[in-house]
Amino acid sequence: MTDSVRQQRGRELTSSRSVDVFAERLFDYLPRADQRRWAHAYLTALIITQGKKSMRRLAESVSTSPTAWYSLQQFINNSPWEWEPARDALTRWVEERSSVRAWALTPVVLPKRGCHSVGVHQRFVASAGRSLNCQVGIALFLSCPGANFPVNWRLFLPRPWDRDPELRRRARIPETACFRPQWRQMLDLVDHVAGRSASPGVPVVADMSDAPDLAELTSRLDGIRRDFVVAVHSRFLAPDRGARERSPAAGALAGGRTGHGVLIGPPASEAQRTWSRHVAAMTGADGRFRQAQILSALTWQHNGGERRAYRLLTELDAEGEPTSRVWLTNLVHHRLDELLELTRLYISSTITADCLDGNYGLLDFAGRSFPAWHHHMTMVSAAYAHMRLAHAGHPVEPVPVRRQSAPAPAGAPAPYGRQVVIQRPTTVESASATGAVALPRSLSAASDGDPGSAV
């Protein structure tokens with residue numbers, strides 16, 4: 001959807017009072033009238049402003065006052081309002097209007113210039129093929145057929161930001177925020193949303209293929225009886241791909257022990273695991289059925305004194321070769337086509353993450369503090385959900401060009417899972433939400449300079 005069409009649609013929505021009702025639903029808990037007024041203004045501006053969403057340009061979209069940009073900046077950067085109630089209200093609003101099939105936990109890399117924005121650090125990002133100066137956030141998406149809605153976020157704080165009192169003071173990092181590994185951040189999101197969601201029993205889907213703490217996440221999800229489908233490293237593929245699948249009694253227990261169970265095995269144990277090919281009927285992007293080839297195997301793991309069955313699966317391409325992701329799930333009794341649909345939901349959540357910058361200014365944020373980051377992410381999530389659900393015609397989500405992963409250089413820090421690197425599309429071809437194509441520019445980054453020059 002072009003900027004002009006999107007702006008026209010946004011103005012139609014604002015003129016119909018749908019934004020008014022939506023903003024009141026999300027922000028009526030704010031104690032001051034000026035906070036509620038500027039929340040409405042910021043949300044409206046994100047929806048209707050074309051191009052770069054600097055604070056000044058956002059203000060010009062909703063006010064003729066020359067000082068409106070300063071009031072918007074104060075609301076996002078300095079006003080002491082809690083963001084979790086707005087996110088909880090957004091979760092309920094989305095669930096009332098859509099059929100949630102899964103919760104997708106998606107790491108998002110936000111390239112930055114400078115070293116002053118909260119949580120910024122150097123990290124090797126496999127999907128970009130190089131080290132980036134960046135922030136890393138994790139979003140929980142409510143994944144539905146044809147759409148994904150970010151409703152909650154966590155910001156990764158590297159150890160220097162956790163341990164340095166001066167950095168914490170400057171970025172206004174609360175005492176409750178500290179360094180947490182990826183699996184812990186993901187579980188925090190699941191625990192929080194589970195207590196407030198109308199769909200607490202849906203599976204969790206995530207990508208841990210480049211993360212070192214797969215066992216911690218899966219063992220704890222099992223411990224709280226949470227269904228999951230998690231991408232793992234391709235080393236779990238066995239060489240004997242044409243064999244028939246073994247029965248559960250013949251399954252092999254293999255792997256290296258961790259503090260919470262047995263991590264599913266390294267390549268040396270794969271000789272004990274046999275695979276089988278299956279054909280499943282899937283709905284394509286054009287709505288037509290097509291056949292998908294799936295490679296699948298059962299595997300076993302001790303967890304909490306119990307021996308549990310898990311399934312590994314990957315989709316095969318037209319030449320019969322495995323695709324880039326291998327998935328591990330505890331949904332061993334589900335049909336393979338259902339499992340494959342869940343993996344598609346995760347992949348579409350990464351597409352949505354790319355869309356959040358192109359249309360909603362995710363990278364235009366230049367605030368430096370911890371509260372400001374969460375305030376902006378909350379407003380972007382709300383703007384996106386409103387544009388997708390407040391009218392019949394859904395805007396098209398851009399799909400990034402497929403990126404190639406590069407090996408980490410010697411001595412590089414362990415990657416924080418497989419992440420989405422936000423890139424800004426310059427051209428979007430009209431297509432469905434799972435079939436659009438975006439031609440990305442070079443990686444963009446928000447400035448750490450004048451807070452009045454960008455959000």
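Me: Why does Arg172 count as partly exposed?
Reply: The model is a predicted one. In it, Arg172 has a relative accessibility of 35%. Buried needs under 20%, and exposed needs over 50%. The value of 35% falls in between, so Arg172 is partly exposed.

Me: What makes the backbone of Arg172 worth a remark, and where is this residue?
Reply: Arg172 has a positive phi, about 50 degrees, although it is not a glycine. Arg172 sits in the loop between α8 (165-170) and α9 (182-194).

Me: Why is Arg225 called exposed?
Reply: Its relative accessibility is 61%. The cut-off for exposed is over 50%. Arg225 passes it, so the label is exposed.

Me: Where does Arg225 lie, and what is its phi?
Reply: Arg225 belongs to the loop between α10 (214-223) and β6 (228-232). Its phi is positive, about 60 degrees, and Arg225 is not a glycine either.

Me: How do you know whether Ile173 is buried or exposed?
Reply: Set its relative accessible area, 8%, against the limit of under 20% for buried. Ile173 is therefore buried. Ile173 is placed in the loop between α8 and α9.

Me: Which residues does Ile173 contact, leaving aside neighbours within four places in sequence?
Reply: Val118, Leu157, Trp161, Leu167, Arg168 and Phe370. There is also a C-alpha distance to note: Ile173 and Pro371 are separated by 7.5 Å, yet are 198 residues apart along the chain.

Me: What makes Val19 a buried residue?
Reply: Val19 has 1% relative accessibility. Buried means under 20%, so Val19 qualifies. Val19 is part of helix α2. From Val19 to His40, the C-alpha distance is 7.7 Å, with their positions 21 residues apart in sequence.

Me: Why are α2 and α3 called oblique?
Reply: α2 (residues 18-27) packs against α3 at an angle of about 130 degrees, with the axes 10 Å apart. Roughly perpendicular runs from 65 to 115, and roughly antiparallel starts over 145. An angle of about 130 degrees fits neither range, so the pair is oblique. The crossing of α2 with α3 is right-handed.

Me: Which residues make the α2 and α3 contact, and what are their classes?
Reply: α2 supplies Val19, Asp20, Phe22, Ala23 and Phe27. α3 supplies Arg36, Ala39, His40, Leu43, Thr44 and Ile47. By class, the contact of α2 with α3 has seven nonpolar, two polar and two charged residues.

Me: Why are α3 and α12 also given the label oblique?
Reply: The axes of α3 (residues 33-48) and α12 (residues 370-389) cross at roughly 60 degrees and come within 9 Å. Roughly parallel needs under 35, and roughly perpendicular begins at 65. Roughly 60 degrees lies in neither range, so oblique is the label. α3 passes α12 in a right-handed crossing.

Me: Which residues of α3 and α12 meet, and how many are charged?
Reply: On the α3 side are Ala39, Tyr42, Leu43, Leu46 and Ile47. On the α12 side are His376, Met379, Val380, Ala382, Ala383, His386 and Met387. The α3 contact with α12 has no charged residues; the tally is ten nonpolar and two polar.

Me: What makes α5 roughly perpendicular to α12?
Reply: The axes of α5 and α12 cross at roughly 105 degrees and come within 7 Å. The range for roughly perpendicular is 65 to 115, and roughly 105 degrees is inside it, so the label follows. Phe75, Ile76 and Asn77 of α5 meet Pro371, Ala372, His375, His376 and Met379 of α12. By class, this contact of α5 with α12 has five nonpolar, three polar and no charged residues.

Me: Which residues of helix α4 are buried, and how do you know that they share a side?
Reply: Met55, Leu58 and Ala59 are buried in α4 (residues 55-62). They cover an arc of only 100 degrees around the axis, so they are on the same side of α4. The buried residues of α4 pack against α3 and α5 (68-77).

Me: What are the totals for the chain?
Reply: The chain has twelve helices and 15 strands. Of its 455 residues, 56% count as buried. Among contacts with a separation of 6 or more, 70% join residues 24 or more positions apart.

Terms used: Residues numbered from 1 in each chain as written. Predicted model: local features only at pLDDT ≥ 70, side-chain atom pairs only at ≥ 80, totals over all residues. Heavy atoms only, no water. Axes fitted to C-alpha atoms, helices over the stretch in contact; angles between N-to-C directions. Helix = DSSP H or I, 4+ residues; strand = E, 2+ residues; numbered from the N terminus. Left-handed = near helix turned anticlockwise from the far one by under 90°. Contact = heavy atoms within 4.5 Å. Nonpolar A, V, L, I, M, F, W, Y, C, P; charged D, E, K, R; others polar. Buried < 20%, exposed > 50% of the residue type's maximum accessible area, 1.4 Å probe, protein only. Arc of directions from axis to C-beta.
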